[in-house]
Amino acid sequence: MSNYKFKISGKEYNVTIGSIEDKIAKVNVNGKDYEVELENQPAAAPAVAAAPVAAAAQAAPAAAAAPAAKPAAGAGVKVTSPLPGVIIEVSVKEGQAVKAGQKVAVIEAMKMENEIAATQDGTISAIHVNKGDSVLEGADIVSIA
């Protein structure tokens, strides 16, 4: 287990890297657990010791920005964030029927509010974010079955 302290844009992050298996690193950022997908798979044993530093440098802001996706509970078509920002409204509930183009969430990015719409007709099978969550571009917002 490796512990690191980062300061990013004036905010402090305490990062603990637990384990790295294949391309998934289990990290804890400021007391919250995340599974972070690494861009490159760590090499053999000597390089793995160096990998946590690089992984933590990239993982800390990403992990703090977006919670790990919930496994399998959200089977279906995923509606994703078109840009990084903060979720300011979740407009649907699990089990709710939606139509293509219907607002499912609102994200604030660059001081502008952007509606995120359903990509197809269906039923909301999972909600992957909460109001106030910071998300990255491509982060799962909801799943539609």
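Visitor: In the protein chain, what share of the contacts with a separation of 6 or more comes from residues 24 or more positions apart?
Guide: This is a predicted model, and the figure is computed from its atoms. Among contacts in the protein chain with a separation of 6 or more, the part that joins residues 24 or more positions apart is 51%.

Visitor: Which pattern do the helix and strands follow along the sequence?
Guide: The protein chain contains one helix and 12 strands. Read along the sequence, these elements give the pattern β-β-β-β-α-β-β-β-β-β-β-β-β.

Visitor: How many residues apart in sequence are the parts that the salt bridge between Lys103 and Glu89 ties together?
Guide: The structure holds one salt bridge, in which the closest N and O atoms of Lys103 and Glu89 are 3.2 Å apart, and this falls within the 4 Å cut-off. Lys103 belongs to strand β8, residues 103-109, while Glu89 belongs to strand β6, residues 85-90, so the pair ties together parts whose separation in sequence is 14 residues.

Visitor: Is Lys103 buried, partly exposed or exposed?
Guide: Buried means under 20% relative accessible area and exposed means over 50%. Lys103 has a relative accessibility of 29%, and its partner Glu89 has a relative accessible area of 31%, which makes Glu89 partly exposed. Because 29% lies in between those limits, Lys103 likewise counts as partly exposed.

Visitor: What percentage of the area exposed by the protein chain do carbon and sulfur atoms supply?
Guide: Of the 145 residues in the protein chain, 35% count as buried. The protein chain exposes about 8,500 Å², and the part of that area supplied by carbon and sulfur atoms is 52%.

Notes: Residues numbered from 1 in each chain as written. Predicted model: local features only at pLDDT ≥ 70, side-chain atom pairs only at ≥ 80, totals over all residues. Heavy atoms only, no water. Salt bridge = Lys/Arg side-chain N within 4 Å of Asp/Glu carboxyl O. Helix = DSSP H or I, 4+ residues; strand = E, 2+ residues; numbered from the N terminus. Buried < 20%, exposed > 50% of the residue type's maximum accessible area, 1.4 Å probe, protein only. Contact = heavy atoms within 4.5 Å. Areas by Shrake-Rupley, 256 points an atom, 1.4 Å probe, with all protein chains shown as cover.
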